[in-house]
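Hello,

Here is the structure for you to look through. My notes on two helices and one strand residue follow it.

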Amino acid sequence: MNANDIAFGIEIETHMPGTDRTPIGGYHNGLPVAWLPAGWKAERDGSIRTPAGRKPCEFVSPVLRGYEGLANVETAVDAIKERGARVNESCGLHVTVSWNGDAAALARLISLIANHERAIYASTGTKRRERTHWAKQIKTYGNKDAAKTRCERDRYHLLNLTHLAAGRNRIEIRAFAGTLNKTKLIGYIQMILGLVELALNTKRCSGWDYAKKPGTKSCWDRPDAGHGETELNRLFYRLGWTKGWYKGELRNKRFGELSVGQQNCDWKPVKKKLLELARKYDQAV
């Protein structure tokens, strides 16, 4: 299976003008949004803090795939912004991915997420996400088995496995800060699908901790780069976004012809934006 075939969905937490008449359903009981592509729903979320004159609204996508799915997200985000939606520090972005792997593949995914946890958080541009109760770290649990147990019991982790534990074939990544920036959104989705593809298609389970030998220089190191930027570059090499050892389907397929702005497919806009965010992350206190 390659990244083009893996089903995904997103949940975008926002706040809307109080005068907006869009019907908003209850939590996990969203109502269809007539002005968005078919299947999108709006629901309430009590974790969103709203300024005066605004109301909370989480937009939930239908099941999406590949090029058409990413184009659908871009169209929806344009409409959401036009409607007056905004995000603040209380808003998050959740990426849900269908999961049909076996136990060994799940162990590989958990280890990959832990191994690249710092890169994922760095791509948000803020340290709030890794410090919040809503998207707790998993690497601190020490090994993949302990992390699996905790993520199956408590959904408020970077990697949420409670749906899978309940017999529903999906996982959720909760690390990302709320955004209506299409470049960031597309990058986050592709990054997560790339990690899922690796977990499904490779045979080797990544080590829980990454540590290079003292005095060695890796191909992803950059002069004067902070830890977050370095880790994000390492993840780019792992995914094949930068010329490296991985030559899998994600690098070759690249979601058909889509890139941000509907130009020829190119990782450069996404990589540039996410690295900018990683530098911001490194400068944060």
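**Helix α2**

Helix α2 covers residues 103–115, and at 1.5 Å a residue its 13 residues should span 18 Å; the end C-alpha atoms are 18 Å apart, so the two agree. Please keep in mind that this is a predicted model. At the N-terminal end, α2 is capped by Asp 102, which has a side-chain oxygen 3.2 Å from the backbone nitrogen of Ala 104. Of the 13 residues of α2, 11 are buried, so the helix is largely enclosed by the rest of the structure. Among them are Arg 108, Ser 111 and Asn 115, along with Leu 106, Leu 109 and Ile 110.

**Helix α10**

Helix α10 has 16 residues, 268–283, for which 1.5 Å a residue gives an expected 22 Å; its end C-alpha atoms are 23 Å apart, which agrees. Its buried residues are Val 270, Lys 271, Leu 274, Leu 275, Leu 277, Ala 278 and Tyr 281. These cover an arc of only 160 degrees around the axis, so they lie on the same side of α10. They pack against α3, α4, α7 and α8. On the face turned away from that buried side are the exposed residues Lys 268, Lys 272, Lys 280 and Gln 283.

**Thr 96**

Thr 96 belongs to strand β5, residues 92–98. Its relative accessibility is 15%, and because buried means under 20%, Thr 96 counts as buried. Beyond its neighbours within four places in sequence, Thr 96 is in contact with Ala 7, Phe 8, Gly 9, Glu 11, Arg 170, Ile 171 and Glu 172. Leu 193 is 97 residues from Thr 96 along the chain, and their C-alpha atoms are separated by 9.7 Å.

Regards

Methods: Residues numbered from 1 in each chain as written. Predicted model: local features only at pLDDT ≥ 70, side-chain atom pairs only at ≥ 80, totals over all residues. Heavy atoms only, no water. Helix = DSSP H or I, 4+ residues; strand = E, 2+ residues; numbered from the N terminus. Buried < 20%, exposed > 50% of the residue type's maximum accessible area, 1.4 Å probe, protein only. Contact = heavy atoms within 4.5 Å. Expected span 1.5 Å × (residues − 1). Arc of directions from axis to C-beta. Polar contact = N/O pair within 3.5 Å; in protein donor to acceptor, adjacent residues only side chain to side chain.
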